[in-house]
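Please look over the sequence and the model below before reading on. The numbered points after them take up the ligand and its surroundings, and then a sheet.

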Amino acid sequence: MKAIQVQKTGGPEALVLVDIPAPKPKPNEAIVKVSASGINYIDIYFREGRYPSALPFVNGQEAAGVVTEVGTEVNTCKPGDRVAYTSVLGSYAEYAAIPADRLVSVPPDLTDQQAAAAMLQGLTVHYLLKSAYPVRSGETVLVHAAAGGVGLLLVQWAKSLGVRVIGTVGNEQKAKLAREAGADEVIVYTQRDFEAETKRLTNGRGVHVIYDGVGKDTFEKGLNVLQRRGYMVLFGAASGPVPPLDPLKLTQKGSLFLTRPSLPHYIATREELLSRSNELFGMISSGRLKLRIERVYPFEEAAQAHRDLEGRKTTGKLLLAP
Ligand code: NDP
């Protein structure tokens with residue numbers, strides 16, 4: 001089968017198209033014939049070696065497709081079932097062996113591309129808004145990179161919960177998309193200081209919570225625009241990792257809360273995976289959450305897809321299709 005392997009960690013050129021044997025299922029696994037694989041920022045961290053994995057490995061953590069074969073212990077799915085999954089490495093491939101308890105059924109009204117586009121970023125938005133810091137109607141939130149894959153979903157879902165959303169974005173075209181997604185205020189943080197702007201937009205009060213997937217470039221200033229006892233939900237590092245922090249700083253800035261969450265810990269049990277994905281698919285089916293699939297790249301262009309994503313050239317979701 002065709003797959004995109006990382007044999008040596010590094011830049012986008014580390015993504016190599018290879019022909020390797022298709023996997024066979026272990027007793028608890030199902031083989032999924034991948035029809036669409038999601039491209040996510042975490043794939044860059046793995047490619048670079050920032051998140052370590054034994055070499056060589058097939059990159060990618062998200063896909064949808066059809067079950068072709070199941071292991072001897074599997075009774076939750078069967079060949080022919082349409083399924084999707086996330087947070088298992090190896091989706092940039094024609095086939096993937098996945099623990100059956102990580103697979104969810106794709107509702108008939110969703111395409112494979114929609115399911116692949118929704119899983120990682122959609123489930124992330126669900127746990128960010130409902131578990132990491134459960135927002136309440138009337139609160140004000142700050143969302144960085146509001147036109148990105150996570151960003152556009154986060155803005156829409158937060159608005160549906162009655163929250164005032166301030167978004168930051170890198171350029172005017174992204175600002176338009178964030179506004180269309182429902183953001184009440186958008187700050188082009190490459191042109192204006194988001195700290196001063198956020199203070200102005202909140203009459204000096206600051207926001208209840210910041211969802212920060214940008215990291216190094218935004219974290220420190222973010223601490224200055226949180227209300228007393230506000231929540232910093234730092235969930236990514238697109239601009240680089242945040243340096244070590246003295247906890248006393250959280251006291252000085254107003255008894256702030258800091259969490260650095262990760263999706264696998266919020267879908268660790270099958271029950272949690274199913275309840276979050278059912279709600280997510282329901283939001284999409286009912287039209288309350290719109291997916292913006294910006295581009296579907298062929299395998300040969302996997303490196304270009306990574307260049308585009310880390311070059312801040314993309315909005316919404318990128319997919320890879322065999
Ligand atoms: P995005 O589509 O949001 O792409 C990243 C965006 O970050 C860029 O488009 C850009 O938007 C912004 N950005 C700001 N500074 C930089 C920089 N120096 N280099 C590159 N990008 C920059 O990606 P994803 O939606 O896939 O992921 C967003 C973040 O969420 C990532 O940090 C990712 O790791 C994290 N994440 C974390 C999860 C978790 O559970 N912890 C799960 C899913 C994602 P702009 O130009 O508008 O600034």
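1. The ligand is surrounded by 30 residues, where a residue counts if one of its heavy atoms lies within 4 Å of the ligand; the closest are Tyr127, Gly170, Lys174, Tyr189 and Gly213. This is a predicted model, in which local features need pLDDT of at least 70 and side-chain atom pairs pLDDT 80 or more, while totals for chains, interfaces and linings use all residues. Residues are numbered from 1 along each chain as its sequence is written, and side-chain values use heavy atoms, with hydrogens and water left out.

2. Oxygen atoms of the ligand make polar contacts (pairs of N or O atoms within 3.5 Å): one pair, at 2.8 Å, involves an N or O atom in the side chain of Tyr45, and another, at 2.9 Å, a backbone N or O atom of Gly149. The protein buries 91% of the 910 Å² that the ligand exposes when taken alone, as computed by the Shrake-Rupley method with a 1.4 Å probe.

3. Domain 1 (2-106 + 292-321) and domain 2 (122-263) both give residues to the shell, so the ligand lies between them; these bounds come from an automatic or database domain assignment. Helix H2 (112-132) supplies the largest share of the shell, 4 residues, with helices being DSSP runs (H or I) of at least four residues and strands runs (E) of at least two, numbered from the N terminus.

4. An open sheet is formed by 3 strands in the order E2-E1-E4, with antiparallel pairing, and strands count as paired if DSSP finds at least two bridges between them. Strand E1 (residues 2-6) pairs with E2 over 5 bridges, and Ile4 has Leu17 in E2 as its bridge partner.

How values were computed
A polar contact is a pair of N or O atoms within 3.5 Å; within protein, one must be able to donate a hydrogen and the other to accept it, and residues adjacent in sequence count only if both atoms are side-chain atoms.
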